[in-house]
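Colleague: Could you take one part of this model and go through it closely with me? I'd be glad to have the cut-offs spelled out as you go.

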Amino acid sequence: MELNINGIQHHVDVEPDTPLLWALRDDLAMTGTKYGCGLAQCGACTVLIDGQAVRSCVTPVEKVAGASITTIEAIEQDDLGKRVVAAWVKHQVPQCGYCQSGQVMAATSLLRQVPHPTDADIDAAMVNLCRCGTYNAIRAAIHDLASGSTDGGA
């Protein structure tokens with residue numbers, strides 16, 4: 001099966017119903033996307049499919065053949081993704097960091113769809129779980145990005 005991941009065509013020899021997460025991690029050694037719950041509940045496995053945040057642990061590879069898949073490994077190649085990462089650093093969002101690749105992907109998707117999100121928009125989009133409780137820092141980073149005060153490290 002051919003998958004377009006981070007702008008590169010990759011061939012993966014997996015069953016069509018294999019979750020995208022396992023094709024990324026096991027077959028392509030892209031381990032930035034994390035396994036959390038396997039039930040699409042926690043969001044650690046979030047990637048972008050055609051710009052939309054998607055839980056890769058329950059997304060069969062057959063459903064994303066032909067789509068543009070972006071993982072955390074390439075998020076800084078995108079201007080908005082680069083600014084999200086810079087805001088995460090500026091606001092010291094990560095603590096343990098395990099969930100943060102999924103959080104960054106969800107925030108990038110949110111800001112692409114809603115450049116100036118309200119608290120309600122953030123609450124609705126940022127449903128990934130963080131055991132360290134960095135939600136206030138995540139909200140601050142997103143508001144910072146929406147106000148334009150984060151320069152992306154440039």
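Modeller: Happily; let's take the interface between the domains, starting with a term: a salt bridge is a side-chain nitrogen of Lys or Arg within 4 Å of a carboxyl oxygen of Asp or Glu. This is a predicted model, so local features need pLDDT of at least 70 and side-chain atom pairs pLDDT 80 or more, while totals for chains, interfaces and linings use all residues. Residues are numbered from 1 along each chain as its sequence is written, and side-chain values use heavy atoms, without hydrogens or water.

The chain splits into domain 1 (2-74) and domain 2 (75-147), with bounds from an automatic or database domain assignment. Their centres, taken over C-alpha atoms, lie 20 Å apart. Contact (heavy atoms within 4.5 Å) links 21 residues of domain 1 with 17 of domain 2.

About 1400 Å² is buried between domain 1 and domain 2, 55% of it from carbon and sulfur atoms; buried area is the accessible area (1.4 Å probe) that two parts lose on being put together, summed over both. Within domain 1, Leu48, Ile72 and Ala74 lose the most area to domain 2, together 35% of what that side buries.

Across this interface the rule finds 0 salt bridges, but 13 residue pairs in polar contact, both at pLDDT 80 or more. A polar contact is a pair of N or O atoms within 3.5 Å, in protein one able to donate a hydrogen and the other to accept it; residues adjacent in sequence count only if both atoms are side-chain atoms. On the side of domain 1 that touches domain 2, β3 and β4 each supply at least two residues; strands are DSSP runs (E, at least two residues), numbered from the N terminus.

Technical notes
Helices (H or I, at least four residues) and strands (E, at least two) are DSSP runs, numbered from the N terminus.
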